[in-house]
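Biologist: Could you pick one small part of this and give it a close look for me? Then work outward from there at your own pace, in plain bench language.

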Amino acid sequence: MSLIKLSVSALAIAAVSATAAVARDQVQVTGSSTVLPYSTIVAEAFGENFDFPTPVVEGGGSGAGRAKMCEGVGPNTVDIANSSSRITQKDIDTCASNGVADIMEVRFGYDGIVFASDVNGPEFAFTAADLYNAVAAQVNKGGAIVANDYAQWAEFNPALPAQDILVLSPGTKHGTREVYDARVILAGCKETSAYDLFLAASSGADDRAKASDATKACNTLRADGRNVDIDGDYTETLARLDASKNAIGVFGLSFYQNNTDKLRVATMGGIVPSTESIASGEYPVSRPLFFYVKIAHLDVIPGLQEYVEFFVSDDMAGPDGPLAQYGLVADPELAATQAMVAARTPMGPLN
Amino acid sequence: MTDATAPKSLLAQDVRTRRRNAAEARFQAYGIVAISISLGMLAIMLWTIFSDGVSAFRQTTFSFPVTLEAERLDPKGNRIRDEMAKVTTIGYTNLLNASFKAHLEARGIPFEGVDDKALAAFISRDTPARVRDMVLADPAMIGQTVTVTGFTTGRIDGYFKGRVTRETAAVDTNISAAQLDLADRLVDAGIMRTGFNWQFFTNPDASDQRPEASGLGVAIIGSAYMMILVALFVLPVGVAASIYLEEFAPKNRWTDLIEVNISNLAAVPSIVFGILGLAVFINFAAFPQSSPLVGALVLTLMTLPTIIIATRAAIRAVPPSIRDAALGVGASKMQMVFHHVLPLAAPGILTGTILGLASALGETAPLLLIGMVAFVANYPAGPFEGGFLDPASALPVQVYSWASRADPAFIERSSGAIIVLLAFLLVMNILAIVLRRRFERRW
C-alpha cells in the first residue's frame, strides 16, 4: 500500500532529520510561573530586537524547573531555570552529579506579596500578627497556647472590620508560600509572643531543635475551613475571591496591579505595597527573583549570552523598563549583576 | 389458584397494571430529568464560553500617519540594515508616541487630562516591533510618511467590548475616565475602529503586556502538524495490527492477552503517555523538546489503542460470506483482505480514525511533560523544511496558558481559543458522520 510506504518514509525522514538537527538554535527557558510573565516579556522583546529566534519559555514551577536544568548538559536539556526561590544545596549536588558544574545565579529583581480583598468590601490594614491570629492552628490567647477559634477579624483587633475570617493562602507547592511562612506567619507568631510559648513548650534536646519545633508550630495553619490553601495560579485565587466576597487573597504585586478594578489591596504595618515601598524595604513582604544559567551552554546555544545580558540590562530590568511597569521591583544592585553576567561568574557556594 | 383465571375487564386497569404503568411513567420522567440536567450543564458551559469568548474575534485598531524620521531611525544615515537594527523597539515606541500626539494636535482632537504616559497606553507594544520589521525589510522607506495600523491596548479595546466600563475605570489604576473620553473621540474622528480580528487566527502568542496582539497562529500550526503526523503514524500501524489480529492471528492465550492489554491501554490516563514520551523520545532518542514530532509520537501512542479497537470492529462487521466467496473463487488470504475486506471496512476505519484524532487534538496533559506547554512566539518552518522539529504549541495548550495569565483580557482570549478548538472538533465529528453515512454499507 502506498500509504504504508509514505508513512514509513515519513518516519524515516523524521528520524534522520531529528538526529541531524540536534544543534538547537533557540534558547530554552523553564521554571517558576511567577517569573514566567517577566521571562516572556523579555523573550518577546529579545526576538524583536535581535537576529536570534524568540526563546521558548515554559512554566511549571521553580523546583521542577531547577530539576530540569540539572538533568545534564547538551542541546536537549534546558539552558535557563527561572526560580522564585533560591536554589538549594540538593539541586546543586544533583546538578554536579549530572555534569552541570558551573551555574550562574542571576538575581534580576524583587516581587512583592500583597494581601487583597474584593474591591467593594471594607478596607483592611494588617499587621503580621493579625494574619497569624487569623490563620494559625494555635494562637496566644491571654498568655496561653490555645487552638484557634477566632471567627471574625474584629475579635483580636478591634480596628479590623467585624467580618468572617477567610484567608486564601498560597498552597505548599507555591514558591510564594515560603516567603508567606517566613515573613508573615512566623513574624506574626513572634509579634504575638506565641513563638516564645511554643519554644517553652518544646521538648527539643537543644536550642536548635527547640527553635525548629517552634517554627514548625508557628507555620501550622488551621484546618477548619477559615484558611484555604490554593495550589493553583493567582487566577484561581481571584476566582475564589470572586465567589466568596469576604475572603482575603494572597497575590503577587504584578497580578494585583493588573486587576486593580477587582481587588482592594491591604496595607501591611501601615505601608501600601508598591514598587517604591518594596524597593525601599518599607513594605516587608517581598522576595528576590532569580534565574539560573548553565554556563556550559553559553557558547553553544546561539543567543544565550545575549538573552541573559538583555534581561538584566537597564532597558528591561531597570526601574523604568517594561518589567518594572509590569510590577517587578527593580534590583538596586543591577549594575553588579550586569558586570557578573558579562564576566560569566559562576555562583559561589550557598551560605 | 382460581382468581388468576377470573375474568377481568379489559377496559378498567387493575392495581398491578396501574402500578406497573406508573413505574414506567416514572422511569421515563427520570430519563427526561437526566437529559435535561446534562443539556442544562452543556448550555451553561457553552453560554459562559461564548459570552466570554466571542469578543476575542473583534478587536479595536487605530491608524494614523507616521513620518519615519531618518534622524531617529537611522542616526548614521547610511541606510545599512545592520546599522539601523541598533535602533531598538524603544526608539520606535518613542517615534510612534510622538507621532500619535502630533496627529491629535494636527486634527484638533483635545486630550486634556491624558498625559504622555497615558497617551502612550493607547498604542499596543506590538506596533513598534511591526514598524521596525517593516523598515528593516525596506530601508528606503525612511523619510516617508506611512499610515501605521495597529492594535489599541487591551483596556481601551475592552472599553468597546464592555469589559471595561466607567465604573471599573474609576477603581482601575491602569485606565482613567479621561482616556475613555479620548477613546470615544478617536472613534468619532475615525482614527480608531473595531472590526473582525483576523489576526487572532494568525498572530503568534504574545507576552502578558500585550494581550491584544496575541493570537492562535503558532498553536494552530502546531496542532495541524501534530494531527498530520499522528494520522500518518497511527493509520498504517493501527490498521496492520488490526488486520493481523482479526484475520491472521491464531486464537490462543497470547492473542487474548494482547487483546486485553490493548483494551487496557485505551483506558490509561494520557499523562502516562507524556511521561513515556519524555523518557523515550526526548531523553533517549534525543528528539528536540517542544517539537510537534515528539508531540505527535506521544499522541500516536495514546490514540493507537482506540484506533485498533475501532478498526477491528469495522473489520469484524464485514460478513464472513464475503470472505468465503473470495476464498472460494481462489483468492489468497491476503488478496481476500486487501481486495474485499479492507475496502468494505474502510468507512468504519476512517470514522474511528477521525474520532481518535479529534480526541488527540484536545489533549494537553501529555504535552505538558514534553515542553509544548510553553511560550512560543516564532512560527515553525514549513513541513518540508524541518518544521516538525521546531518548537510549537497546540490549541488546548494555548487555552491553558492564557487562562493562567494576570491581565483580564486573556480571559476573553482563552474562551476565544476554546471556541476555535470546539469548531475544529465539530468539523472533524461532522466529517466522521458524513463519511459514515455516505459510504457505510449494511448487510
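Modeller: Sure. One definition before the spot I picked: a helix here is a DSSP run of H or I at least four residues long, and helices are numbered from the N terminus. Keep in mind, too, that this is a predicted model. My spot is A:Ser97, which sits in helix H4 of chain A, residues 89-97. Is A:Ser97 buried or exposed? Count the other C-beta atoms within 10 Å of its own and you get 10. The cut-off for calling a residue exposed is 12 or fewer, so A:Ser97 goes down as exposed. To place it against another part of the chain, take A:Phe290: it is 193 residues away from A:Ser97 in sequence, and their C-alpha atoms are 22 Å apart.

Now step back to chain A as a whole. Its C-alpha trace spans about 80 × 55 × 50 Å along the principal axes, and it holds 15 helices and 14 strands. Of its 351 residues, 47% count as buried. If you look at contacts between residues at least 6 apart in sequence, 73% of those in chain A join residues at least 24 apart.

Chain A splits into domain 1, made of 25-110 plus 288-343, and domain 2, covering 122-244. Both A:Ser97 and A:Phe290 belong to domain 1 by those bounds. The centres of these two domains are 33 Å apart, going by C-alpha atoms. Where they touch, domain 1 of chain A puts in seven residues and domain 2 of chain A four. On the domain 1 side, the class count is seven polar, no nonpolar and no charged residues.

Next, the partner. Chains A and B bring 41 residues each to their contact. On the chain B side, H4 (89-107), H6 (126-137), H8 (166-171), H11 (217-248) and strand S4 (374-375) each supply at least two residues. H11(B) gives the most, with four. By class, the chain B side comes to 24 nonpolar, 13 polar and four charged residues. Strand S4(B) also does something you can spot in the viewer: two bridges join it to strand S2 of chain A, residues 56-60, and the strands run antiparallel. Within that pairing, A:Glu58 stands opposite B:Ala374.

Chain B has its own divisions: domain 1 (3-53), domain 2 (56-203) and domain 3 (217-439). Domains 2 and 3 of chain B have centres 44 Å apart over C-alpha atoms, and each gives nine residues to the contact between them. On the domain 2 side, H7 and H10 of chain B are the elements giving two or more residues, and H10(B) has the largest share with three. That side divides into four nonpolar, four polar and one charged residues.

H7(B) and H10(B) come up again with helix H19 of chain B, residues 409-439. H19(B) is 31 residues long and reaches 46 Å from first C-alpha to last, close to the expected 45 Å. Its buried residues include B:Phe410, B:Arg413, B:Ile418, B:Leu421 and B:Ala432. What do the buried residues of H19(B) pack against? They pack against H1 (15-53), H7 (154-161), H10 (199-202), H16 (333-361) and H18 (395-403), also of chain B.

Definitions and conventions: Residues numbered from 1 in each chain as written. Chains lettered and ligands numbered in written order. Predicted model: local features only at pLDDT ≥ 70, side-chain atom pairs only at ≥ 80, totals over all residues. Domains from an automatic or database assignment. Contact = placed C-beta atoms within 7 Å. Nonpolar A, V, L, I, M, F, W, Y, C, P; charged D, E, K, R; others polar. Expected span 1.5 Å × (residues − 1). Buried ≥ 20, exposed ≤ 12 C-beta atoms within 10 Å, placed from the backbone. Pairing = 2+ DSSP bridges.
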